[in-house]
Amino acid sequence: MIKRYLVNTMPEAMEIIKRDLGPEAVIISSRWVKEGGWLGILGPKKLEVTAAVEHNASKKEAAQGESGLIREVAELKALLKKYAENSLHKEQEPPDSKLLLKWQQVLQELEVSHEVTNQLLKGIAESAGLAARENEELFKETVQERMARIFESAPNQSLSSRIFVFVGPTGVGKTTTLAKLAANLALFEQKKIALLTIDTYRIGAVEQLKTYGEILNVPVEAVLTPEELSQAVERHQDKDFILVDTAGRSSRNKRMLAELQSFLTVLHPAEVFLVMSCTTKNRDLLKIADDFKLLNYTKLIFTKADETTSLGSILNLASATSKPVAYVTTGQNVPDDIEACDPQKLVKLILKAVG
């Protein structure tokens, strides 16, 4: 607002302006002018003062504008803070977490133990390089390499023994597995073999082995004592291989395991296969493997791999015992359904269920 005042002195003007426009008014200009008289010439002189003050509405608008600007700045700060928090969260989240979670689930479905799972996945992205963090196929290859490494870590030393002994709990298919190997040796490798059994407890066990012997046209003997076993081995010195069947024993029956041990002491050196079923619970397999250490088994054989899709127990046992896995059987057909296993073949077999 701008107003003009005619006063006698400047102090008078300032007093009037302050009263009229308020203390925030400012003087824009001042000059002496004639007032009244003829043609304004003979009138008295007056001081013309022009003053102005900012309109209240303009102040309000300015205040509102300032308030709006403050609000916009506050909103912008909030957005920046939220963006910064999200960026920090993304940086802290492992870029390969999705692949890790996926493979943890896969290994869990295969019943791979928690310890072995950690062994397979710990620090895998760092060791495999940045590319593995985003490349699913490369991540899978790295897991497979680590699985194979567990099998490779078991010393697979050939004892150059011609005596194969099959031990294990009841009902795992020891005799059938022995027959499969015997058939492969006799029929496909043209080896001279003999079959011995100390399983005189199970009804029909000897007859079952004799049936296989007749089919393969190889000698079969049943023995009752360690001495008889030693003598039978001596009688078959001309054979390339002697395969010895044993009675299934509960791993918790220490007396029976000790009795079986007395037979094995006369078979030295011998390749002793601990035969176990893939359908047995992992915890029980670990207990069996631990209890059968009394017999100094040298290699593992897993049977009934065709009866379950959770073959992680093979990996668990190889890791726990540090023994090589020699064979896996996948059915009842003799001489088929048995595979000699190397680490790569075992990994492929275990992961077959998950594609």
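In what order do the three strands of the open sheet with antiparallel pairing lie? The order is β1-β3-β2. Before going further, please keep in mind that this is a predicted model.

**The chain as a whole**

Let us start with the overall picture. The chain has 355 residues, and buried residues make up 42% of them. Its secondary structure comes to 14 helices and 11 strands. Among contacts between residues at least 6 apart in sequence, 72% join residues at least 24 apart. The accessible surface of the chain is about 20400 Å², and carbon and sulfur atoms account for 52% of that area.

**The three-stranded sheet**

Back to the sheet of the opening question, an open one with the order β1-β3-β2. Its edge strands are β1 (2-7) and β2, each of which pairs on one side only. Neighbouring strands here are turned by 20° against each other on average, with direction ignored. Strand β2 covers residues 26-34, and eight bridges join β2 to β3 (residues 45-52) in the antiparallel sense. If you would like a pair to look for in the viewer, Ser30 has Val49 in β3 as its bridge partner. Helix α1 (residues 10-21) packs on this sheet and touches β1, β2 and β3. The direction of helix α1 makes about 145° with that of β1.

A salt bridge also connects helix and sheet: Asp20 pairs with Lys3, with the closest N and O atoms 2.6 Å apart. Asp20 belongs to helix α1 and Lys3 to strand β1, and the two are 17 residues apart. Are these two partners buried or partly exposed? Asp20 is partly exposed, because its relative accessible area is 37% and the partly exposed class runs between 20% and 50%. Lys3, at 32% relative accessibility, counts as partly exposed too.

Two further features can be found by residue number. Arg4, Arg31 and Glu48 are linked in a network of salt bridges. On the surface, Ile2, Val26 and Ile28 form a nonpolar patch with about 300 Å² of accessible area together. Val26, a member of that patch, has its place in strand β2.

**The eight-stranded sheet**

The other sheet described here is an open one of eight strands, in the order β6-β5-β7-β4-β8-β9-β10-β11, with mixed pairing. Its edge strands are β6 (220-222) and β11 (338-340), and each pairs on one side only. The twist averages 20° from one strand to the next. At the β6 edge, strand β5 (residues 193-197) runs parallel to β6, and three bridges join the two. Leu196 stands opposite Glu221 in β6.

Strand β8 (residues 271-277) deserves a visit of its own. Why is β8 described as largely enclosed by the rest of the structure? Seven of its seven residues are buried, so the description follows directly. In a regular strand the side chains alternate between the two faces of the sheet. In β8, Glu271, Phe273, Val275 and Ser277 point one way, while Val272, Leu274 and Met276 point the other way, and all are buried.

Strand β8 has a parallel partner in β4 (residues 163-167), joined to β8 by four bridges. Here Val165 has Val272 as its bridge partner. Strand β9 (residues 299-303) also pairs with β8 in the parallel sense, over five bridges. In that pairing, Val275 stands opposite Ile301.

**Salt bridges**

Side chains of opposite charge can pair when their charged atoms come close. The chain has 13 salt bridges, including the following:

| Salt bridge | Closest N to O distance |
|---|---|
| Asp20 and Lys3 | 2.6 Å |
| Asp291 and Lys254 | 3.1 Å |
| Lys299 and Glu271 | 3.4 Å |

Consider the pair of Asp291 and Lys254, whose closest N and O atoms are 3.1 Å apart. Asp291 lies in helix α12 (residues 282-291) and Lys254 in helix α11 (residues 254-264), so this salt bridge ties together parts that are 37 residues apart in sequence. Asp291 counts as buried because its relative accessibility is 8%, under the 20% limit for that class. Lys254, in contrast, is partly exposed, with a relative accessible area of 44%.

The side chains of Lys299 and Glu271 meet at 3.4 Å, N to O. This pair links strand β9, which holds Lys299, to strand β8, which holds Glu271, across 28 residues. Both Lys299 and Glu271 are buried.

Methods: Residues are numbered from 1 along each chain as its sequence is written. This is a predicted model: local features need pLDDT of at least 70, side-chain atom pairs count only at pLDDT 80 or more; totals for chains, interfaces and linings use all residues. Side-chain values use heavy atoms; hydrogens and water are left out. Patches are made of residues with over 30% relative accessible area and no salt bridge: like charges are joined within 9 Å, nonpolar side chains (Val, Leu, Ile, Met, Phe, Trp, Tyr) within 5 Å. Accessible areas come from the Shrake-Rupley method with a 1.4 Å probe; for residues, only the protein chains shown count as cover. A salt bridge is a side-chain nitrogen of Lys or Arg within 4 Å of a carboxyl oxygen of Asp or Glu. Buried means under 20% relative accessible area, exposed over 50%, partly exposed in between (1.4 Å probe, protein chains only). Contact means heavy atoms within 4.5 Å. Two strands pair if DSSP finds at least two bridges between them. Axes are lines fitted to C-alpha atoms, for helices over the stretch in contact, and angles run from 0 to 180 degrees between N-to-C directions.
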